[in-house]
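Q: Could you take a close look at one part of this model and then set that part in the context of the whole chain? I would like a connected account that keeps the confidence of the prediction in view.

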Amino acid sequence: MMLSPDQAETDLSWTQSDSETVLNDLKVSCASDEPMDGEGKAKSLTQPPLSREEKRRRRRATAKYRSAHATRERIRVEAFNVAFAELRKLLPTLPPDKKLSKIEILRLAICYISYLNHVLDV
């Protein structure tokens with residue numbers, strides 16, 4: 001039982017010695033601390049099941065997932081760079097060891113393919 005500032009001390013029943021009454025008062029005050037829904041019933045503390053999107057978001061937030069994702073991304077980028085290096089070896093340039101950007105490699109490959117098509121047509 002909580003004392004409110006406007007409640008007189010004479011309203012309280014301090015003289016009761018019945019332990020069951022005291023326990024009942026404690027149970028009532030503890031029960032009133034639980035969250036209530038609109039109908040006055042105590043809500044259960046379990047949360048509703050998570051949606052598929054929320055489950056995915058929580059799984060992606062773990063350190064294990066981020067580490068695995070970073071590893072997969074690193075492997076993907078390395079394979080991408082190897083493919084560009086192999087394409088670069090097939091393209092004729094002067095000097096042959098000239099460093100080209102990825103966009104330059106793609107543009108040069110397009111020009112070289114169209115040149116080869118032109119040679120075959122003639």
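The request and its answer now follow, with the loop that carries Thr93 as the part in question.

Q: Please look closely at the loop between α3 and α4 where Thr93 lies: which residues is Thr93 in contact with, leaving aside its neighbours within four places in sequence, and is Thr93 buried or exposed?

A: This is a predicted model, and a reading of the loop is best prefaced by the overall frame. The protein has four helices and zero strands, and from the N terminus on the elements run α-α-α-α. Mean pLDDT for the protein is 78, with 64% of the residues reaching 70 or more. Among the elements, the lowest mean pLDDT, 56, belongs to helix α1 (residues 19-31), whereas α4 has the highest, 96. Over residues 11-16 the pLDDT falls below 50, and this stretch has five contacts in the model beyond near neighbours in sequence. Where pLDDT is low, the predicted coordinates should not be read in detail.

Turning to the loop itself, Thr93 sits between α3 (63-90) and α4. Thr93 is buried, because its relative accessible area is 17%, and the cut-off for that class is under 20%. In the protein as a whole, buried residues make up 7% of the 122 residues. Once neighbours within four places in sequence are set aside, the contacts of Thr93 are with Arg88, Leu100 and Leu108. Of these partners, Leu108 falls within the residue range of helix α4, 102-121, and Arg88 within that of α3, 63-90.

The side chain of Thr93 also takes part in polar contacts. One of them, at 2.8 Å, joins the side chains of Thr93 and Arg88, while the backbone oxygen of Pro95 is reached by the Thr93 side chain at 3.3 Å. Pro95 lies in the loop between α3 and α4, and the peptide bond that joins Leu94 and Pro95 is cis, with omega at about -15 degrees. Thr93 thus has a side-chain partner in Arg88 and a backbone partner in Pro95, and the latter residue is the one that follows the cis bond from Leu94.

Beyond the loop, helix α4 (residues 102-121) is also the place of Leu116. Together with Tyr115 and Val119, Leu116 makes a nonpolar surface patch of about 270 Å². Leu116 counts as partly exposed because its relative accessibility is 34%. For the protein as a whole, the exposed surface is about 11,300 Å², of which carbon and sulfur atoms supply 60%.

On the other side of the loop in sequence, helix α3 holds the charged pair Glu73 and Arg76, whose positions three residues apart separate them by about one helical turn. Their side chains meet in a salt bridge at 2.8 Å, N to O. Glu73 is partly exposed, with a relative accessible area of 32%, and Arg76 is likewise partly exposed, at 47%.

Salt bridges number four in the structure, and helix α2 (residues 52-60) also carries charged pairs of this kind. Arg57 forms a salt bridge with Glu53, with the closest N and O atoms 2.8 Å apart; both residues lie in α2, four residues apart, or about one turn of the helix. Glu54 forms a salt bridge with Arg58, where the closest N and O atoms are 3.2 Å apart, and because these two are four residues apart in α2, about one helical turn separates them. A network of salt bridges links Glu53, Glu54, Arg57 and Arg58. Within this network, Arg57 counts as partly exposed at 45% relative accessibility, Glu54 is partly exposed at 21%, and Arg58 is partly exposed at 47%.

A final point concerns how contacts are spread along the chain. Among contacts between residues at least 6 apart in sequence, 5% join residues at least 24 apart. Against that background, the loop can be summed up as a place where Thr93 is buried, in contact with Arg88, Leu100 and Leu108, and where a cis peptide bond joins Leu94 and Pro95.

Technical notes
Residues numbered from 1 in each chain as written. Predicted model: local features only at pLDDT ≥ 70, side-chain atom pairs only at ≥ 80, totals over all residues. Heavy atoms only, no water. Patch = residues over 30% accessible without salt bridge, like charges linked within 9 Å, V, L, I, M, F, W, Y side chains within 5 Å. Areas by Shrake-Rupley, 256 points an atom, 1.4 Å probe, with all protein chains shown as cover. Buried < 20%, exposed > 50% of the residue type's maximum accessible area, 1.4 Å probe, protein only. pLDDT = per-residue confidence, 0-100. Contact = heavy atoms within 4.5 Å. Polar contact = N/O pair within 3.5 Å; in protein donor to acceptor, adjacent residues only side chain to side chain.
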